[in-house]
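Please open the structure in a viewer and keep the selection panel at hand. The tour proceeds by selections, each followed by a description of what is found there.

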Amino acid sequence: MADMINMQKVSKIYSGAIETQVLFDIDLKVEEGSFNSLVGQSGSGKSTLLNIIGTLDKATKGTVEIAGQRTDTMTKDQLASLRNQSLGFIFQFHHLLPEFTARENVLMPYLIQHGKTTSEIEKRADELLGLVGLDAVKNNLSTEMSGGQQQRAAIARALINNPKLILADEPTGNLDTDTTDSVYRLLRQINEEYGTTFLIVTHDRKIAERTDRIIMVEDGRIELDLIT
Amino acid sequence: MVSFKIALRFLKSSKMQTLLIMMGLAVGIAVQIFVGQLLTNLQEGFLEETTGNASHVTVFPAEDEIIIDNWESKVAGIQNIDGITAVSPAVDSPALIVKGSQSNSILVRGLDMTQAEAIYELAENTYEGDVPTNDTQVLVGKELATDLTLSVGDGLDIITPSQNTFTLWVSGIYDLGSAIVNERWIIVNIASAQSIYSLGDNITSIETQTTDIFTTDSTAEEVAAALGNSPITVNNWKDDNPDFFSALASQGASSYMIQTFVLLSVVIGIASILSITVVQKSRQIGILKAMGIKDSQASLIFLYQGLLLGIGGAIMGVLLGAILFYGFIQALSSSGDSIISSSFDINFLLLSGLIAVIASAMASLLPAIKSRKLDPIEVIRNG
Ligand SMILES: Nc1ncnc2c1ncn2[C@@H]1O[C@H](COP(=O)(O)OP(=O)(O)OP(=O)(O)O)[C@@H](O)[C@H]1O
Ligand SMILES: [Mg+2]
């Protein structure tokens with residue numbers, strides 16, 4: 001199988017008042033269609049790593065390839081297109097647009113690419129909203145939904161453009177155990193149905209154990225790489 | 001397209017702020033329209049008042065001549081020049097009126113009553129009696145009539161510079177709107193003036209009116225050219241009244257300045273509010289960028305907001321300005337005779353509206369540029 005992610009010798013140094021190196025020469029390959037978790041202590045560099053993979057942040061040194069394309073040399077517009085068409089994000093903080101309804105938020109990545117929506121894509125949005133169990137509240141503004149509902153809307157939004165890779169940063173960080181469970185079953189189901197690659201940051205050991213591979217980060221280095 | 005939809009939604013979701021910005025713009029535009037329209041109409045009214053009953057371009061005998069001969073052909077020659085709307089021959093000469101111990105120095109003006117009508121509107125401006133219908137009748141001005149206690153039907157003795165005395169009969173009293181004219185001019189038939197001063201069929205000046213007082217200098221040149229080799233000089237209102245024109249021009253300049261500064265302050269206001277909205281919406285812009293919106297599309301969101309605010313504000317402002325101006329003129333005319341008309345210059349209104357739209361789009365340029373620099377990672381990292 002081809003590599004969805006291929007990072008070589010990636011370092012990240014924040015140069016503020018004091019220089020802090022957060023990532024040290026990270027080599028990481030992630031296979032297409034795999035379901036992976038990224039674990040480690042708070043402040044170990046998980047989010048930084050995920051954001052570099054997601055092209056939101058830039059590595060200080062090293063090379064990053066997503067689906068065979070070098071991203072560290074792309075222009076800002078090329079990166080925007082890549083994020084829009086090939087990547088789906090589920091953030092630690094759900095990040096919906098408060099001016100729009102759940103359904104409109106889900107359709108937004110499509111709208112960015114095409115400028116307008118079709119009845120087909122609207123049908124797909126409704127299906128995805130059904131899949132994450134938001135039929136009843138899909139026309140609510142995102143501010144009129146609970147935290148868990150917002151998180152599930154963000155998941156549906158990450159899926160709308162059929163991305164090859166979904167990056168999730170503690171997607172269930174503030175959900176109860178039952179909801180957490182249903183969200184994971186949902187992500188797993190999407191992985192199996194569409195062959196979407198997943199990289200999920202989590203603090204939850206039980207969740208990590210249910211993924212195909214556990215990557216553990218400690219102080220900016222990969223300490224453990226476990227195929228379960 | 002996505003930028004327009006987002007812009008519209010941003011504006012809709014903070015209705016109060018949107019309305020306030022539009023109202024700020026509208027008030028600015030309204031003031032600008034009010035000031036501009038008021039001054040334009042004031043100047044037009046003022047100009048009409050001052051030059052409406054005056055000769056714009058006047059043909060006089062050359063310096064060492066005292067008469068214009070062969071004048072019918074000269075009148076015909078001037079008549080067809082572009083911009084000339086009326087041509088009228090005149091015989092002018094000074095005289096004295098002696099009544100008891102009082103003597104007034106006046107100007108006898110011999111006019112062709114039909115042709116002079118187009119310049120002086122004597123029929124309308126004669127408020128007592130009528131214009132002269134025969135060679136012994138005279139029309140006197142309001143102030144002179146009061147000064148000499150003259151009324152229609154009275155006799156009036158004039159003494160010419162050559163010490164001849166003539167008796168004329170008052171046929172009517174006029175008011176040309178200027179006390180100086182009313183005191184000094186007594187108006188008779190052209191034939192009457194010709195015989196009083198023994199001028200035969202000659203005259204002393206040809207008076208005209210033109211379509212545009214601001215170009216009387218060039219019209220005068222055309223008149224001089226048309227009369228080519230005759231011994232005449234041509235004067236024009238514009239060159240004869242330089243102070244009047246510089247006053248008009250500086251009034252106009254100050255009006256433009258007021259309008260410009262009003263618009264400028266409105267634009268600065270909008271620019272600063274829109275800059276704040278970039279900060280307000282930085283979370284949203286960060287999320288959108290993370291989802292792959294391009295920097296140019298993000299900038300467009302703010303440009304569209306500026307444009308929409310501009311259009312809304314311009315429509316409200318033009319309406320408000322028109323209502324304000326119309327109301328002001330109505331109040332003014334109900335409290336007395338006003339020389340300002342309530343007529344609107346539609347082009348001026350449209351131009352003001354257009355300037356408002358362009359200005360507020362320009363005001364959104366700064367926030368549009370600011371939004372480019374917004375890095376999504378800041379938003380994603382900090383929640
Ligand atoms: N802008 C920054 N400037 C300097 N240091 C930073 C900056 N952003 C993050 N860091 C540091 O980088 C390190 C890694 O941060 P990161 O957010 O990747 O951790 P994390 O593993 O995601 O932690 P958590 O589990 O709490 O989310 C932390 O020590 C943090 O203080
Ligand atoms: Mg983190």
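**Salt bridges as a starting point**

The model is predicted, and over all chains it contains 19 salt bridges. Three pairs and one network are visited here.

**Stop 1: a pair between chains**

Select Lys76(A) and Asp295(B), whose side chains form a salt bridge with an N to O distance of 2.7 Å. Which elements hold the two partners? Lys76(A) belongs to helix α2 of chain A and Asp295(B) to helix α13 of chain B, residues 295-334, so this salt bridge joins two chains. Colour the two residues by accessibility. Lys76(A) has a relative accessible area of 52% and is exposed, whereas Asp295(B), at 8%, is buried.

**Stop 2: two strands of chain A**

Next, select Asp225(A) and Arg213(A), a salt bridge in which the closest N and O atoms are 2.8 Å apart. The two residues are 12 apart in the chain and link distant parts of it: Asp225(A) is in strand β10, residues 221-227, and Arg213(A) is in strand β9, residues 213-218. Is each partner buried or exposed? Asp225(A) is partly exposed, its relative accessible area being 40%. Arg213(A) is buried, with a relative accessibility of 13%.

**Stop 3: two strands of chain B**

Move to chain B and select Asp92(B) with Arg109(B), which meet through their side chains in a salt bridge of 2.9 Å, N to O. Asp92(B) is part of strand β2, residues 84-99, and Arg109(B) is part of strand β3, so the salt bridge ties together parts of chain B that are 17 residues apart in sequence. For Asp92(B) the relative accessible area is 23%, and the residue is partly exposed. For Arg109(B) the value is 1%, and the residue is buried.

**Stop 4: a network in chain A**

Return to chain A and select Arg103(A), Glu122(A), Asp126(A) and Lys138(A) together; salt bridges link these residues in a network.

**Stop 5: the largest pocket**

Now display the pocket surfaces. The largest pocket holds about 640 Å³ of space. To centre the view, select Asn53(B), Ala54(B), Ser55(B), Val181(B) and Trp185(B), which lie nearest the pocket's centre among its 28 lining residues. Then show the elements of chain B that each supply at least two residues of this lining: α2 (15-51), β1 (57-61), β3 (102-111), β9 (205-210) and α10 (237-240). Which element contributes the most? It is α2(B), with three residues. Coloured by class, the lining shows eight nonpolar, 12 polar and eight charged residues.

**Stop 6: the second largest pocket**

The second largest pocket has a volume of about 300 Å³. Its lining comprises 18 residues, and those to select as closest to its centre are Thr55(A), Leu56(A), Lys76(A), Asp375(B) and Pro376(B). Two or more residues of the lining come from each of α2 (76-86) of chain A and α16 (376-382) of chain B. The greatest contribution is made by α2(A), with four residues. By class, the lining consists of seven nonpolar residues, one polar residue and 10 charged residues.

**Closing selection**

Finally, keep Lys76(A) highlighted. This residue is among those closest to the centre of the second largest pocket, and its side chain also meets that of Asp295(B) in the salt bridge of the first stop.

Conventions. Residues are numbered from 1 along each chain as its sequence is written. Chains are lettered from A and ligands numbered from 1 in the order in which they are written. This is a predicted model: local features need pLDDT of at least 70, side-chain atom pairs count only at pLDDT 80 or more; totals for chains, interfaces and linings use all residues. Side-chain values use heavy atoms; hydrogens and water are left out. On a 1 Å grid over the protein atoms alone, a cavity is a set of points where a 1.4 Å probe fits but cannot get out, and a pocket is an open set with protein on both sides within 12 Å along at least five of seven lines; lining residues have an atom within 4 Å of a point. Grid points are joined across faces, edges and corners, and a volume is the space filled by probe spheres set on the points. Ala, Val, Leu, Ile, Met, Phe, Trp, Tyr, Cys and Pro count as nonpolar, Asp, Glu, Lys and Arg as charged, and the others, Gly among them, as polar. A salt bridge is a side-chain nitrogen of Lys or Arg within 4 Å of a carboxyl oxygen of Asp or Glu. Buried means under 20% relative accessible area, exposed over 50%, partly exposed in between (1.4 Å probe, protein chains only).
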